[in-house]
Every structure is written in C-alpha cells, then in structure tokens.
Amino acid sequence: MIAPKLTAQTKAGGCASKLSPKILNQALSCMPRQFNENVLVGFDTADDAGIYRLTPDIALVQTVDFFSPIVDDPFTFGAIAAANAVSDVYAMGGKALTALSILAWPAAGDIDVLEQILKGGAAKLKEADCVILGGHSVNDPEIKFGYAITGLVHPDRYKPNAGAKAGDVLLFTKKLGTGVISSALKRGIASEKHVQGAIDSMLTLNRATAEAMAEFDVHGVTDVSGFGMLGHAREMALASKVTLEIDAAKLQFLDGALEYARAGALSGGLHNNRDFVASCVEGTSEVDDLLYDPQTSGGLLISLPEADAVQLERKLPAAYRIGSVRERGDKPLRIQ
C-alpha cells in the first residue's frame with residue numbers, strides 16, 4: 001500500500017499552520033510584564049527571538065519553531081523545518097549554536113519516513129554549524145517537527161525589530177509566495193518546477209544575510225514567516241513607533257505564486273493574517289493576497305540608512321528595496 005503524501009495528512013502546512021495572530025495577540029496581552037535587567041528582548045515587542053544577557057560581552061538568543069509538513073519529501077521537510085527555526089536567530093544578528101528537536105508523530109507512522117525527517121533536519125543544522133543536543137516527542141496523529149534554537153550575540157550588537165527609524169530604506173532578502181505554492185501543492189495544481197523553486201528558497205539559510213548585516217548600521221530586522229509580509233511589518237512598525245511604506249510594485253515573487261493566488265490557492269493562515277492586520281494598513285494593491293501569505297523560512301526585512309543599504313545590496317545580490325520608513329502616520333503600514 002502506498003503511504004499518503006505528507007502534505008495530504010495536514011490541515012495546513014509549514015508556517016500557515018500557526019495559530020491565528022488575533023488569538024495569539026489576545027492571549028499574550030494577558031501575560032504579566034517581566035522585569036529583569038538581563039532580558040534585553042522579551043515577548044512584549046513580538047520579536048523573532050528572546051535575548052538574555054549573560055555577561056557584558058555575551059547574550060543568549062533563544063527561539064522555537066515547529067510546524068506540519070509543507071512538502072511531501074520527508075528529508076526536505078526536515079531540512080526546511082531546521083532552516084526556518086535557525087532563521088529567527090539570524091534575524092537577531094546572532095549565531096546559532098545548539099538545537100533541541102520537537103516532534104509530534106503518530107505511533108503507527110512509518111519509521112523510515114521519520115528517520116528521513118530527522119536526517120534532513122540534522123543535515124541543514126550541520127550546514128548552519130548548529131549542534132543537536134536532544135529533543136522531545138509526543139504521540140500525535142498530525143505530524144509536526146521543528147527545533148528550539150539557542151544562539152549567541154553581543155549584548156550591544158543584536159538586531160531588534162524595534163529599531164527602525166524614519167528615513168530608513170527597507171530591504172527584503174527573498175521572494176514571496178511559499179504559502180500559496182504550498183496550498184497549490186495540497187490541491188494538486190502546482191507544477192513541479194514551481195514547487196522546486198519554493199523549496200530552494202525555503203532551504204536557503206539566512207546566515208549570509210546575518211553575517212553581512214553585522215558590518216552595517218542596521219536599525220531593525222524581522223524574519224518574515226507565518227504572519228506574512230504585512231503581519232511582520234506591522235510588528236516592526238508598532239515596536240519602532242513608525243510607519244512602514246511598502247511599494248507593492250517592487251516586491252518580487254516566486255515563479256507561479258501570482259498565478260496560484262489568482263486561482264484561489266489561499267490558506268486559512270492567509271485569511272487569518274488579513275483579518276488581524278488589514279485594519280493597520282492604508283492603501284491596497286493588486287497583490288494583496290501575497291502580502292498576507294504565510295511564508296515558511298522566508299526572507300529578512302531590514303531597515304537601515306540609505307548609505308548602508310547601498311553597501312548591503314552590493315554584498316547581498318538577492319536583497320532588494322521594497323520601501324522606506326516614515327514618521328508614524330495614521331496607520332503603521334502604508335501600501336503604495
């Protein structure tokens with residue numbers, strides 16, 4: 001008997017399986033504020049990872065990320081889960097050091113498939129020079145996999161989402177569209193070429209971007225993942241008390257993404273993102289669906305001065321301008 005495809009066993013794949021930002025925001029608003037002089041970044045600014053100072057020269061970067069299958073090949077799924085998890089450390093300007101696996105797996109599941117998922121994750125973490133120390137698993141009918149990652153950064157050199165300044169340029173480092181392509185795959189309408197293009201993007205570590213950013217006066221960074229471009233841009237804008245102005249015409253998309261969005265391959269996560277974020281957005285565009293599309297192992301959104309943006313673009317050919325930062329207007333986001 002042929003085993004069902006991984007994506008056929010999930011309600012939503014990759015970061016589209018995240019909890020609705022509206023529900024998450026409501027729950028977190030009830031959390032008591034923390035007061036600890038060594039907590040440099042906590043959950044209050046919805047940043048990509050937490051920062052805890054150990055010494056005047058060393059701080060921990062900690063994050064966790066796991067999700068259900070976004071592709072059918074188990075080795076590739078494991079590798080994407082690993083790339084996605086370490087990305088949050090890179091978004092803070094840190095170096096990933098150790099990982100703890102998080103696994104939800106059906107007790108009657110195919111052990112060969114599980115082994116391939118674990119091997120894929122291990123291979124990608126090896127590429128990131130990140131060591132797996134252990135993990136935890138539970139019996140669950142729906143497969144989920146990912147990692148808790150610990151990294152290091154200098155306490156004075158981490159890159160928060162709260163530092164964007166009026167006059168900054170906004171750069172982005174990957175193309176959008178992994179969510180709609182994943183949805184198209186689940187519906188059986190995605191071409192192999194388009195799926196492979198999305199896979200190649202998701203497998204690309206943001207490590208080179210993090211290392212390049214260290215050389216410049218980067219003010220703010222966020223990892224664009226499950227809440228989509230506008231969801232994570234909203235977090236940066238609110239944390240920085242500015243308005244992010246995004247030129248939709250400058251955004252780049254994975255091959256096939258526009259076609260699948262027009263065909264209605266839109267995930268529940270996309271609708272959740274729109275429901276939560278739309279009230280914070282001034283203006284619309286013809287590619288609005290893709291601005292809310294949940295990204296898995298997406299690019300980094302970077303806010304930095306013009307002169308530094310020019311230099312970073314030269315070091316990172318994949319990086320491109322998508323807008324600018326303005327003084328806070330009526331709404332935190334503006335689409336041109």
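On a 1 Å grid over the protein atoms alone, a pocket is an open set of points where a 1.4 Å probe fits, with protein on both sides within 12 Å along at least five of seven lines, and its lining residues have an atom within 4 Å of a point. The structure is a predicted model, in which local features need pLDDT of at least 70 and side-chain atom pairs count only at pLDDT 80 or more, whereas totals for linings use all residues. Residues are numbered from 1 along each chain as its sequence is written, and side-chain values use heavy atoms, without hydrogens and water.

The largest pocket has a volume of about 1200 Å³, taken as the space filled by probe spheres set on grid points joined across faces, edges and corners. Its lining comprises 37 residues, of which Leu 24, Leu 28, Phe 43, Ala 46 and Asp 47 lie nearest the centre. Helix H7 supplies the largest share of this lining, six residues, and H1 and H9 are among the other elements that give two or more; helices are DSSP runs (H or I, at least four residues) and strands likewise (E, at least two), numbered from the N terminus.

In helix H9 (residues 268-277), the buried residues (under 20% relative accessible area, 1.4 Å probe, protein chains only) are Gly 269, Leu 270, Asn 273, Phe 276 and Val 277. Seen down the axis of H9, these residues fall within an arc of 135 degrees, so they line one face of the helix, the arc being that of the directions from the helix axis to the C-beta atoms. The buried residues of H9 pack, with contact meaning heavy atoms within 4.5 Å, against elements including helix H1 (21-28), helix H7 (228-240) and strand E13 (333-335).

Key:
Buried < 20%, exposed > 50% of the residue type's maximum accessible area, 1.4 Å probe, protein only.
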